[in-house]
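Here is a friendly walk through one molecular structure, meant to be read with the model open beside you. Take your time and follow the chain letters as you go.

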Protein chains: 2
Amino acid sequence: MLITQTTNNLNSLQLYNFAGGVGLLPESVIREAQQAVLNIPDCQISALVVNHRSQLCRDILDETEQNLRTLLSIPENYHVLFLQGGASLQFAMMPMNLCTKKNNAVDYMTTGYWSNKAVKEAEILSKNVNIIWSGKDQHFTRMPNASEYQINPDAAYVHYCSCETVEGLQFTGYPDTGKVPLLCDMSSEFLTKPFDINNYGLVYAHAQKNIGAAGVTIVIIRDDLLQDIPHDVPEILDYRSHVKMGSIYNTPPIFAIYIVLLVTRWLLNDMGGLHNMNVQNQAKAALLYQAIDDSEDFYHGHAHKNSRSIINVVFSLPSSDLEKQFIKEAETLGMIGLDGHRSLGGIRASLYNPMPIEGSLKLQKFMQDFQIRNQ
Amino acid sequence: MLITQTTNNLNSLQLYNFAGGVGLLPESVIREAQQAVLNIPDCQISALVVNHRSQLCRDILDETEQNLRTLLSIPENYHVLFLQGGASLQFAMMPMNLCTKKNNAVDYMTTGYWSNKAVKEAEILSKNVNIIWSGKDQHFTRMPNASEYQINPDAAYVHYCSCETVEGLQFTGYPDTGKVPLLCDMSSEFLTKPFDINNYGLVYAHAQKNIGAAGVTIVIIRDDLLQDIPHDVPEILDYRSHVKMGSIYNTPPIFAIYIVLLVTRWLLNDMGGLHNMNVQNQAKAALLYQAIDDSEDFYHGHAHKNSRSIINVVFSLPSSDLEKQFIKEAETLGMIGLDGHRSLGGIRASLYNPMPIEGSLKLQKFMQDFQIRNQ
């Protein structure tokens, strides 16, 4: 038995988990998931062993899809897919499927760690990847303005990341790419606020931030993008296979999808939809940015103010020793996961949907108190 | 709420689930999984939200790997990986990684539905796929003898499926391919009996039959096969990425892996290892084949006797009406999932590890009784 205790004696439901990689789940979803491990209500079967060819499996996927369509007003000409492999597999599937032979030029924006990973994968698969804007020289501290990049009208698509998890950057609008399909990694912000899918050709998000538990990735793709997929794409990596089979091309990760079903029900029934969710998320972020702005640079925010993410609040302290102390003291108070991404260091407070405003308030007070004691 | 009741009023733990696609789980694993949804014992965190960069995640993967190494005596020169995408993604990853440029000829055996799917995917990715044996003309009723196929000594690898889930066929030994690496889809039989990994270059199995719940696939690959992977393989699909990062190249499906951990503990501690497991599995299959052999062809076994699978017992009845009645009556008695694969029809009784011998005994008695009443 190698597993050891990692934190304090609080029950997991009383902890505030600010981790960036894997978020938390609403308490009601945890309770319902627990029940479903034994028996899906009224179904007499564990959600862990639902057969993928059963009507029950189809019903789970259909209701989850319908909930997403309701939450985001997704029209008929978009397909909603439940895939495996995380956002990282999308980094490969997008160029494999959508770098069509007649036009394999693709445009990418590099705004941080994750959009850069998407670029690296595209460069393995296409010799014509154009970086239309990069924030690297500015250490990924801001998102671009529309005047700073130019879309290649012949590009097969434009790819960007709307919300950089590592650096805590977020677009306020979206890049207007005209007729060129816009592809977006929304992993960090998906379902945190409303957005208009009609501006996009393809949107994807892995589940483990706002949607559920690791193991499933949501892909929303406009129907016309399926027309020109090359014939040498393996079936399992071809979007058309999954569209044709309603995400049951092979055995889907049914339990992970069931968690998404529970989360979408929670968003619809308990939280009152994405507009309300956004109001709460804005308030949560405002509390922490207030602590940063009032600190006279004791807390140094990484992002320029107009690129600040409401989902991942990233900042540093005057020394790495103080940062370690900050993280340690926060942990003893039940606030965990505050260490920054290994590529950047510092502090990161991720405020995914299930983080209650009490968590943000508690962290704000701790920040203020910590500053007074250590300034 | 679209989900409706699918079966009778028995609790899921009292049902005998003979489904072929997704197997069942031991009752103790279900109970432990339920607990882990709330809190991993001694860890104060839900297994659904474990951060992939935490020591806890590393510990879960390490113990699961170590349990597999113990169960199968896997030596140091083999890597054990936990991937997403099912066996179907392996159908693509094998040729992408192992059809090396200097030698892209590959040998495949077509022995049923699933090995044929592997061939189709390989044919998209390689122009030099040789079918060294096919059972198609014999309607996939038997596995080949060693004298019936010839290995191309220049092939990059030989691929076969050791246990065909749909047709209920199983190899008794393994194809001796000499110096040519042998690749095997073991999804249906992995962990049902001991085998010598040293005969293989690569072995893979999705979890949802004997190892756990859908959402994770185990790949065991010999170190020397990593040497010649082409440079144009996307990182996420390159075995080396996952070896290098110990299966945490990106966020792994942690909850699905945690279920594998629980199942491997159950095999080691409760079942006494794979030799004992095999003895039980042989006995379970023998009960059903006895009912078939004693029936004077009322139950017609699909497989030739020397190719019979101890995991998936496939047979037909004199008419499809009788088959429907058989399935319906069995369901009312708590034996579910007995319908054959949609490509073959008939009856399929899958006897994955967690099926207790009582389930097999109950089905045997039902078969005998049904025959008397309907002959």
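## Strands inside chain A

Strand β8 (residues 182-185) of chain A runs parallel to β9(A), and three bridges join the two. Please keep in mind that this is a predicted model. Within this pairing, Asp185(A) has Tyr204(A) of β9(A) as its bridge partner. Another neighbour of β9(A) is strand β10 (residues 217-222) of chain A, and here the pairing is antiparallel, over five bridges. One of the residue pairs to look for is Leu202(A) with its bridge partner Ile221(A) in β10(A).

How many of the residues of strand β9 (residues 202-206) of chain A are buried? Five of its five residues are, and the strand is mostly covered. You can see this on both faces of β9(A): Leu202(A), Tyr204(A) and His206(A) are buried on one side, while Val203(A) and Ala205(A) are buried on the other. Tyr204(A) thus appears twice in this picture, as a buried residue of β9(A) and as the bridge partner of Asp185(A).

A further group of strands in chain A forms an open sheet of three, in the order β11-β12-β14, with antiparallel pairing. At its edges are β11 (300-301) and β14 of chain A, each of which pairs on one side only. β12(A) and β14(A) run antiparallel and are joined by four bridges. Across this pair, Phe315(A) has Ile347(A) of β14(A) as its bridge partner, and Val314(A) has Arg348(A). Although β14(A) is an edge strand, both of its faces are covered: Ile347(A) and Ala349(A) are buried on one side, and Arg348(A) and Ser350(A) are buried on the other. Arg348(A), the bridge partner of Val314(A), is therefore worth finding on your screen as one of the buried residues.The strand pairings described above fit into this small table.

| Strand pair in chain A | Sense | Bridges |
|---|---|---|
| β8(A) and β9(A) | parallel | three bridges |
| β9(A) and β10(A) | antiparallel | five bridges |
| β12(A) and β14(A) | antiparallel | four bridges |

## Two domains in one chain

Let us step back to the whole of chain A. The chain is divided into domain 1 (12-27 + 273-374) and domain 2 (31-270). Taken over C-alpha atoms, the centres of these two domains of chain A are 26 Å apart. Where they meet, domain 1 of chain A contributes 28 residues to the contact and domain 2 of chain A contributes 26 residues. On the domain 1 side, α7 (274-293) and β12 (312-316) of chain A each supply at least two residues. The element that gives the most to this side is α7(A), with five residues. By class, the domain 1 side that touches domain 2 of chain A has eleven nonpolar, 14 polar and three charged residues. β12(A) links two parts of this account: a supplier of residues to the domain contact, this strand is also joined to β14(A) by four bridges.

## How the two chains meet

Now bring chain B into view. A turn of 180 degrees, with a shift of 0.0 Å along the axis, lays chain A on chain B with an RMSD of 0.0 Å. The two copies are therefore related as by a two-fold rotation axis. Which residue of chain A comes closest to the rotation axis? That is Gln34(A), with its C-alpha at 2.5 Å.

The contact between the chains takes 71 residues from chain A and 71 residues from chain B. On the chain A side, the elements that give two or more residues are α1 (27-38), α2 (55-72), α3 (86-98), α4 (113-125) and α6 (254-270) of chain A. α2(A) gives the most, with six residues. The residues of the side of chain A that touches chain B divide into 35 nonpolar, 28 polar and eight charged. The copies meet through the same surface, because 100% of the interface residues of chain A are also interface residues in chain B.

## The core and one residue outside it

The largest nonpolar core has 242 residues, and those with the most contacts inside it are Ile259(A) and Ile259(B). Leaving aside residues up to four places away in sequence, Ile259(A) touches Val29(A), Ala33(A), Gly212(A), Ala213(A) and, from the other chain, Leu48(B).

For another setting, look at Leu268(B), which lies in helix α6 (residues 254-270) of chain B. Is Leu268(B) buried or partly exposed? Leu268(B) counts as partly exposed because it has 14 C-beta neighbours inside 10 Å. Its C-alpha atom is separated by 9.5 Å from that of Leu68(B), 200 residues apart along the chain. Again not counting residues up to four places away in sequence, Leu268(B) touches Asn67(B), Thr70(B), Leu71(B) and Gly273(B).

Methods:
Residues numbered from 1 in each chain as written. Chains lettered and ligands numbered in written order. Predicted model: local features only at pLDDT ≥ 70, side-chain atom pairs only at ≥ 80, totals over all residues. Domains from an automatic or database assignment. Contact = placed C-beta atoms within 7 Å. Nonpolar A, V, L, I, M, F, W, Y, C, P; charged D, E, K, R; others polar. Least-squares fit on C-alpha atoms with pLDDT ≥ 70 in both. Core = buried A, V, L, I, M, F, W, Y, C linked by C-beta atoms within 7 Å. Buried ≥ 20, exposed ≤ 12 C-beta atoms within 10 Å, placed from the backbone. Pairing = 2+ DSSP bridges.
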